[in-house]
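Colleague: Thanks for making time for this one. Could you walk me through the model, starting with how two of the helices pack?

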Amino acid sequence: MSAGEPEIDGLRLAGRASALSSLLKFFATGADRPVLQDAAAVDALFRYHRVRVMVAITLCYGVIYTCRLALGVVKKPLIDAGVFGPAELGMIGSALFYAYAIGKLTNGFLADHANIKRFLALGFLLSALCNVGMGFSTTVAVSVLLWGLNGWFQSFGAPASVVGITAWFSNRERGRIYGIWSTAHSIGEGLTFLVVGALVATLGWRWGFWVPGLIGIVIAAMVYRFVQDRPRTLGLPTVADWRNDHYAQVSAQQQSTFATQLSIVKIAPIWILALASSTIYITRYAINSWGVLYLQEARGYSLTMAGTLLMISTIAGMVGAISYGFISDKVFHARRPPTNLVFAIVELTGLVLIFFGPANTSVLMLGMVLFGIGLTGLVTALGGLFAVDICPKRVAGAAMGLIGIFSYLGAAIQENVSGHLIERGMSVVDGVRTYDFSTVIWFWLGSSLLSMLLAACLWRVKLHD
């Protein structure tokens, strides 16, 4: 080795460190600015940015959601074409959920430190590109890799969105605002089941990935244009100070952000909530991932009609998300447990009608409506809002991340278990494929029931400012 080589290696390392430092600085939240003294200007800026942030994170997150659900729509075409079997599709689908689970934890912690404008835009862009790649893949290994990466990039979305909500909206309005934002899930599901489903039925499975991917690139640009960093970076007070809306003054405000993030593991109810969320996510993604196949094979509906029925559930889900926020805020005075119980009963009633109701489309539609209302309300609470209530608000991203890793581990396990149970119940006679869903249905129903019981354990949990 020549004398100059160590010096060259040192320069390379320094250059890489400098590049990493610049990258982290680019994505870091801005510095706090001195608070503006003009009350009218403060009010005007808050009103202007709150609307833009809320509309952007709701609509853009809703559209980018199609980039994680497309696989559920194309499963039957892929199986019928002999590209993948149910177990292989379960493996591919679970790759997204495992990556999303880990990513939601790590990216939740990062989101508390990030400029959410840049953080969200990058995640959406890379998720869109993964979907474009999926449209070209016909091998299991490549699809597992791409769908897993897609899950990682999708995990930027929810924590950063919730950080935006807690930064721009205060305690007494958070339930309603979170409920409105949660309609993004239903928007994405509806677009997937109806629009993407129609594209797949007309143009083939590849377009089920390509169209969401191309639209996702546009959505990433819109996020960068409309979403804003924290109020303090604009010279505004915190939203709690602006609206004079505090639960209590707590000593944790004097800790560093990272120390406060670590403190949430000492909050015992957060672990029960994480388990309740993981079990409701089993049911949620069972229907998202396998509902189209179930309606086609067990109920005899076409791809387009199956997508339409599930879209009914997602439209009802929008009602459920918004009504959950208003009911819990206004009727129960920001107490989530009573509302959780009501919505759990509605959701379970819907599932019973879907799986055990008479062979009647009207009854099935009623089941979809009840399921959509109940499930989305529960996902709104158990999947994030309740965690934000019981943890310090300045680390909302970390709270979402901790809940998220449990939620999506549940979703990932569901994908594998459901895939194997469905394949075990599948048979081919004289070239005709038939399915027996009886075992997997009880797995899905039991998960919802367990979630309701776990959530009921949190009836008296205390809230945190």
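Modeller: Gladly, and please keep in mind that this is a predicted model. The axes of H14 (residues 336-356) and H17 (residues 438-456) come within 10 Å and cross at roughly 170°. An angle over 145 degrees counts as roughly antiparallel, so the relation of H14 to H17 is roughly antiparallel.

Colleague: Which residues of H17 make the contact with H14?

Modeller: On the H14 side, the contact uses Leu 341, Ala 344, Ile 345, Glu 347, Leu 348, Leu 351, Phe 355 and Phe 356. Facing them from H17 are Ile 441, Trp 442, Trp 444, Leu 445, Ser 448, Leu 449 and Met 452.

Colleague: By class, how many nonpolar residues does the contact of H14 with H17 have?

Modeller: Glu counts as charged, and the contact has one charged residue. There is also one polar residue in the contact. The nonpolar residues number 13.

Colleague: Where in the chain is confidence lowest, and where is it highest?

Modeller: Overall, the chain averages a pLDDT of 85, and 91% of the residues score at least 70. The lowest confidence is in helix H1 (residues 4-27), with a mean of 62. The highest, at 95, is in helix H6 (residues 140-154).

Colleague: Over which residues does pLDDT stay under 50?

Modeller: Where pLDDT is low, the predicted coordinates should not be read in detail. The stretch you ask about has four contacts beyond four places in sequence in the model. That stretch is residues 249-253.

Colleague: Let's turn to the aromatic residues. The structure holds 24 aromatic pairs; are the rings of Tyr 61 and Phe 124 stacked or edge-to-face?

Modeller: Their centres are 6.3 Å apart and their planes lie at 20°. Planes under 30 degrees apart count as stacked, so the pair of Tyr 61 and Phe 124 is stacked.

Colleague: Which parts does that pair of Tyr 61 and Phe 124 tie together?

Modeller: Tyr 61 and Phe 124 are both buried. The two parts the pair ties together are 63 residues apart in sequence, because Tyr 61 lies in helix H2 (residues 39-64) and Phe 124 in helix H5 (residues 116-134). The parts are therefore H2 and H5.

Colleague: And are the rings of Phe 153 and Phe 156 stacked or edge-to-face?

Modeller: The centres of the Phe 153 and Phe 156 rings are 6.3 Å apart, with the planes at 65°. An angle over 60 degrees counts as edge-to-face, so the pair of Phe 153 and Phe 156 is edge-to-face.

Colleague: Which residues does Gly 123 touch, not counting residues up to four places away in sequence?

Modeller: Gly 123 is found in helix H5 and is buried, with a relative accessible area of 0%. Its partners are buried too: Phe 153 has 16% relative accessibility, and Phe 156 has a relative accessible area of 7%. Gly 123 touches Phe 153 and Phe 156.

Colleague: Which residues form one aromatic cluster with Phe 97?

Modeller: This cluster brings together Phe and Tyr residues. Joining Phe 97 are Tyr 100, Tyr 281, Tyr 285 and Tyr 408.

Colleague: Is Ser 277 buried or exposed?

Modeller: Ser 277 sits in helix H12 (residues 268-297). Leaving aside neighbours within four places in sequence, Ser 277 is in contact with Leu 382, Gly 383, Ile 403 and Ser 407. Its relative accessibility is 0%, so Ser 277 counts as buried.

Colleague: How far apart in space are Ser 161 and Trp 181, C-alpha to C-alpha?

Modeller: Ser 161 lies in helix H7 (residues 157-168) and is buried, with a relative accessible area of 1%. Not counting residues up to four places away in sequence, Ser 161 touches Ile 57, Leu 120 and Trp 181. Ser 161 and Trp 181 are 20 residues apart in sequence, and their C-alpha separation is 8.5 Å.

Colleague: One more: how far apart in space are Leu 191 and Met 311, C-alpha to C-alpha?

Modeller: Leu 191 is found in helix H8 (residues 171-203) and counts as partly exposed, at 32% relative accessibility. Leaving aside neighbours within four places in sequence, Leu 191 is in contact with Val 63, Thr 66 and Val 196. Leu 191 and Met 311 are 120 residues apart in sequence, and their C-alpha separation is 7.8 Å.

Technical notes:
Residues numbered from 1 in each chain as written. Predicted model: local features only at pLDDT ≥ 70, side-chain atom pairs only at ≥ 80, totals over all residues. Heavy atoms only, no water. Axes fitted to C-alpha atoms, helices over the stretch in contact; angles between N-to-C directions. Helix = DSSP H or I, 4+ residues; strand = E, 2+ residues; numbered from the N terminus. Parallel < 35°, antiparallel > 145°, perpendicular 65-115°, else oblique. Contact = heavy atoms within 4.5 Å. pLDDT = per-residue confidence, 0-100. Phe/Tyr/Trp six-rings, centres within 6.5 Å; stacked < 30°, edge-to-face > 60°. Buried < 20%, exposed > 50% of the residue type's maximum accessible area, 1.4 Å probe, protein only.
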